[in-house]
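Hi,

Here is the structure I promised to pass on to you. Have a look at it first, and then read my notes underneath with the model open beside you.

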Amino acid sequence: MQTYSLYQLNQAIRESLRVVIPDTLWLRAEIHNITSNYSGHCYLDLIEKGEHNDQIIAKQRATIWASTYRLLAHKFYSATGGTLQAGMNILVEVSVEFHELYGLSLNIKDIDPTYTLGELQRRRLEIIQRLKKHGLIDKNRQLPMPRLIKRIAIISSPTAAGYSDFIHQLTHNPHGFTYQTTLFPAVMQGTQTEESILSALDKIINTQLSTFNFQLVVIIRGGGATSDLQAFDSEQLAVRCANFPLPIITGIGHLRDETILDLVAHKNLKTPTAVAEYI
């Protein structure tokens, strides 16, 4: 009976993979998790989900070494205006590595940003279709807009230039109108944006029920990277705003981009200043 040491077995696996697997291959996968360290290396967990459900049917770790990561990050941003994030579907060129001590991993060498763009657009269109199917695209617009607006709930970052622009325009309006505004602070860029805005909406409802009588909600931010707009394409956020009991006006701060949140809002304007002028 032939026996192997663990090292010999792993060495045989490595040699077998070298014979069977091409030097590089193009791989479709979803980013499940992504981190980078102080050295600039990027580490990913890649997954594949079942065709008819969200169950994970395959998982593998991958690495983009620092020198390559700088190039690929720039290439991806130039094409998409965004950064690699969890939940994205990607098409990458990889080499399959097997180490006797560290096991199997993928070394990412190149990326095709157009694949991700197509996947993001497909997902966005699917969300819009579901919102239309359930009658949510126009639901917030069916609420009556007050003819004289006095009490406004604001969702924004308190340090955002867009927030200060909004308050300045509102305060120095040419008609001398006065307004009572309440800020519900939220993170308006990054991975916490969706959760932060949803929390602010909950706080507005709680305040509305207990102490105040808001007439309108505005969601505003200044300009920024196009990648920051991905949070405003959230289906959960769109559903919550569509069903919200107060009219919602958005001023997300991008002249060319219309987010799903803009689509379901009572009214969307391009900048916080334009929202103030409308009010």
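Start with Ile154, which sits opposite Val218 of strand E8. Keep in mind that this is a predicted model, so please read everything below as computed from a prediction. The pair belongs to a wider match: strand E6, residues 151-156, runs parallel to E8, and four bridges link them. E8 also has a partner in strand E9, residues 248-251, again parallel and again with four bridges. If you want a spot to click on there, Ile220 has Gly251 of E9 as its bridge partner.

Now, which way do the side chains of E8 point? Leu216, Val218 and Ile220 point one way, while Val217 and Ile219 point the other way. Buried or exposed, though? Every one of these residues is buried. A residue counts as buried when its relative accessible area is under 20%. Five of the five residues in E8 (216-220) meet that mark, so the strand is largely enclosed by the rest of the structure.

For a contrast, go to the start of the chain. Leu6 lies in helix H1, which covers residues 6-20. With a relative accessible area of 64%, Leu6 is exposed, because the cut-off for that label is over 50%. Leu6 also has company: together with Tyr4, Leu9 and Ile13 it makes a nonpolar surface patch of about 410 Å².

Next, the second largest pocket. Its volume is about 500 Å³, and 26 residues line it. Which of them lie nearest its centre? Those are Ser95, Val96, Glu97, Phe98 and Ser105. Helix H1 turns up here again, as one of the elements that give two or more residues to the lining. The others are the strands E1 (25-36), E2 (42-49), E3 (56-64), E4 (89-99) and E5 (103-111). Which element gives the most? That would be E4, with five residues.

Several of those strands are paired with each other, so here is how to trace them:

- E2 and E3 run antiparallel and are joined by eight bridges. They form a hairpin, with six residues between the two strands. Look for Cys42, which stands opposite Ile64 of E3.
- E3 and E5 run parallel, with two bridges joining them. Here Thr63 faces Asn107 of E5.
- E4 and E5 run antiparallel, joined by eight bridges. This is a hairpin too, with three residues between the strands. Glu93 is the residue opposite Asp110 in E5.

One last thing to find is Leu25, in strand E1. Its relative accessibility is 26%, so Leu25 counts as partly exposed. Try picking its C-alpha atom and then the one of Val96: they are 71 residues apart along the chain, yet 8.5 Å separates the two atoms. Val96 is also one of the residues nearest the centre of the second largest pocket.

If you'd like a route through the model, begin at the buried strand E8, move on to the exposed Leu6, and finish at the pocket that E4 helps to line.

Cheers

Notes:
Residues are numbered from 1 along each chain as its sequence is written. This is a predicted model: local features need pLDDT of at least 70, side-chain atom pairs count only at pLDDT 80 or more; totals for chains, interfaces and linings use all residues. Side-chain values use heavy atoms; hydrogens and water are left out. Buried means under 20% relative accessible area, exposed over 50%, partly exposed in between (1.4 Å probe, protein chains only). Two strands pair if DSSP finds at least two bridges between them. Patches are made of residues with over 30% relative accessible area and no salt bridge: like charges are joined within 9 Å, nonpolar side chains (Val, Leu, Ile, Met, Phe, Trp, Tyr) within 5 Å. Accessible areas come from the Shrake-Rupley method with a 1.4 Å probe; for residues, only the protein chains shown count as cover. A salt bridge is a side-chain nitrogen of Lys or Arg within 4 Å of a carboxyl oxygen of Asp or Glu. On a 1 Å grid over the protein atoms alone, a cavity is a set of points where a 1.4 Å probe fits but cannot get out, and a pocket is an open set with protein on both sides within 12 Å along at least five of seven lines; lining residues have an atom within 4 Å of a point. Grid points are joined across faces, edges and corners, and a volume is the space filled by probe spheres set on the points.
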